[in-house]
Amino acid sequence: MDPLGWLLVVGGVLALLVVADRVVARLPPRPRRPDDAPGVRPGGGSGMFGELVEILQPSARHLHEEQERQRHDLVLPGDADPPWTVDLDAGTAVVPGAVPHAGHGVRQDGGQDGGQDARQDAGDAGEHAGQDAAPDGGRETVPGSPRGPRELATSAPHLIQLAPGVWVTTSQPWSTTTTVVAGPGGRCLVVDPALTPADLDALAAELAGRGWSVEAGFSTHPHWDHVLWSTRLGDVPRWATPDAVARAARTHAELVAEAGRTAPGHDAALLGRLDPLDGEEVPWSGPRAVVVPHRAHCPGSAAVVIPDAGVLLAGDLLSDQEIPLLDVDSPDPVADHLAALDALEAAAARWAVEVLVPGHGTPTDAAGLAEQLAADRAYLEALRAAVGGTAAGSSVDDVVDDVVDRRLVDPEQRDHHAHQLAALRRRGGVRDPS
Ligand SMILES: [Zn+2]
């Protein structure tokens with residue numbers, strides 16, 4: 001074909017395109033997509049030429065799609081990374097290693113549903129409550145879950161995973177923590193199961209629902225709220241230090257009575273029935289559970305470290321909600337408590353602990369652990385100063401406010417504090433008129 005022929009062909013094609021475009025432009029507009037608002041399509045022309053423009057400007061189309069994607073993302077819940085991930089199989093929030101540390105808080109007493117209370121408690125726990133992913137704190141608002149918040153809130157398991165293989169649940173009153181350490185083959189170690197008979201039933205049901213079976217228990221110390229058990233958890237060894245076993249046996253009637261006042265209905269035969277530990281680790285088939293015995297709070301006390309998970313189970317020490325509660329019957333309660341803090345700090349360093357689980361209060365991370373150690377030491381030093389530094393003749397009321405501690409906003413903690421102060425002053429021979 002000669003050049004004139006080519007020219008005619010090209011001209012004809014262009015003419016056809018112009019005609020086609022006119023025709024298309026007269027057709028009724030195609031239905032608009034909801035997000036296809038006028039003017040939002042950069043580079044968009046009308047009719048066939050419009051489509052050609054888009055084809056010839058892939059960057060314009062890309063830009064549009066990118067803008068659409070970003071606009072879409074802006075309104076999607078959960079496009080910011082939450083501090084936890086969601087285990088869709090288990091329906092739980094998984095907090096990897098670090099748990100936001102809660103500030104001061106007044107604990108929520110009351111006998112409502114444990115999960116509800118725990119959420120309430122986490123929400124009230126302090127100035128960091130908004131980012132609090134502590135036990136149950138994230139359950140109501142777990143983003144991106146296909147099940148939706150309502151279903152999660154009602155059917156999600158009670159247990160929250162804090163570290164690999166370590167799960168906790170919190171019961172009321174006193175934000176009492178139950179810990180489950182998962183081992184191979186669904187076997188688990190349950191530490192300080194608490195608090196009401198209904199709580200233990202729910203725990204047993206949840207473990208069964210997961211296909212887990214309890215291989216052993218451990219009690220951090222022989223107070224009633226740490227030596228509870230249920231037949232539904234199984235007839236297994238329940239380890240504790242030899243001193244704790246002896247004390248629980250000796251004070252059995254007392255423990256049963258105390259439990260009955262706060263959490264009636266526990267099986268008295270099982271309460272406080274413990275097995276003496278022989279060695280430094282809880283004998284069971286799962287991850288190592290290293291026992292750190294100490295003299296604080298109560299004879300026979302021990303913390304537990306799970307080295308593989310980097311978790312410290314502190315029993316009734318290092319709580320963000322409770323002041324150091326002394327064993328006032330000891331010859332030197334403050335020294336005992338300070339020595340225990342040293343022992344726990346050394347154990348945490350030795351085993352590279354990243355998660356602190358207090359027996360009462362909010363689990364926290366390594367920074368929270370350091371903060372808690374400092375807070376407990378500061379309380380003990382201030383208490384000691386208040387006992388020793390005041391003139392004879394002054395009353396507990398005169399010095400009770402010499403100790404400043406954010407946990408003392410809780411009236412119950414204030415009572416404990418006044419009681420400890422009075423006991424130590426009596427021991428020191430200082431007159432105590434109260
Ligand atoms: Zn306790």
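This is a tour of selections to make in the structure above, with a note on what each one shows.

The model is predicted: local features need pLDDT of at least 70, side-chain atom pairs count only at pLDDT 80 or more, and totals for chains, interfaces and linings use all residues. Residues are numbered from 1 along each chain as its sequence is written.

**Whole chain.** Start with the full chain, whose secondary structure comes to twelve helices and 14 strands. Helices (H or I, at least four residues) and strands (E, at least two) are DSSP runs, numbered from the N terminus. Of the 434 residues, 41% count as buried; that term requires 20 or more other C-beta atoms within 10 Å of a residue's own, with C-beta atoms placed from the backbone.

**Strands β3, β4 and β5.** Select 166-171, which is β4; six of its six residues are buried. Val 166, Val 168 and Thr 170 lie on one side, and Trp 167, Thr 169 and Ser 171 on the other. Add β3 (residues 160-163), which pairs with β4 in the antiparallel sense over three bridges; strands pair if DSSP finds at least two bridges between them. Gln 161 stands opposite Trp 167. Two residues separate β3 and β4 in their hairpin, and Gly 165 in the turn has a positive phi of about 80°.

Next add β5 (residues 176-182), joined to β4 in the antiparallel sense over six bridges. Here Val 168 has Thr 179 as its bridge partner. This second hairpin has four residues between β4 and β5, with Trp 174 in the turn at a positive phi of about 65°.

**Helix α7.** Select 242-250 and pick out Ala 244, Val 245, Arg 247 and Ala 248, which are buried. The buried residues of α7 pack against β8 (238-240), α8 (252-262) and β9 (275-276).

**The five-stranded sheet.** Now show β10 to β14, an open sheet in the order β10-β11-β12-β13-β14 with mixed pairing. β10 (290-293) and β14 (364-365) are at the edges, each with a single partner strand, so one side of each has no neighbour in the sheet. Within the sheet, β12 (residues 311-313) and β13 (residues 355-357) run parallel and are joined by three bridges. Val 311 is opposite Val 355.

**Helices α9 and α10.** Select 333-350 and 366-388: the axes of α9 and α10 come within 10 Å and cross at roughly 165°. Axes are lines fitted to C-alpha atoms, for helices over the stretch in contact, and angles run from 0 to 180 degrees between N-to-C directions. That crossing makes α9 roughly antiparallel to α10, a label for angles over 145 degrees. Contact residues (C-beta atoms, placed from the backbone, within 7 Å) include Leu 338 and Leu 341 of α9, and Leu 373 and Leu 380 of α10.

**Helices α10 and α12.** Keep α10 and add α12 (residues 411-427); the axes come within 9 Å and cross at roughly 50°. This makes α10 oblique to α12, the term for angles that are not under 35, over 145 or 65 to 115 degrees. On the α10 side, Leu 383, Ala 386 and Val 387 meet Gln 420, Leu 421, Leu 424 and Arg 425 of α12.

**Val 387.** Finish by centring on Val 387 in α10. Val 387 is buried, with 23 other C-beta atoms within 10 Å. Val 387 and Leu 421 are 34 residues apart in sequence and 6.6 Å apart in space, C-alpha to C-alpha.

Definitions and conventions
Contact = placed C-beta atoms within 7 Å. Buried ≥ 20, exposed ≤ 12 C-beta atoms within 10 Å, placed from the backbone.
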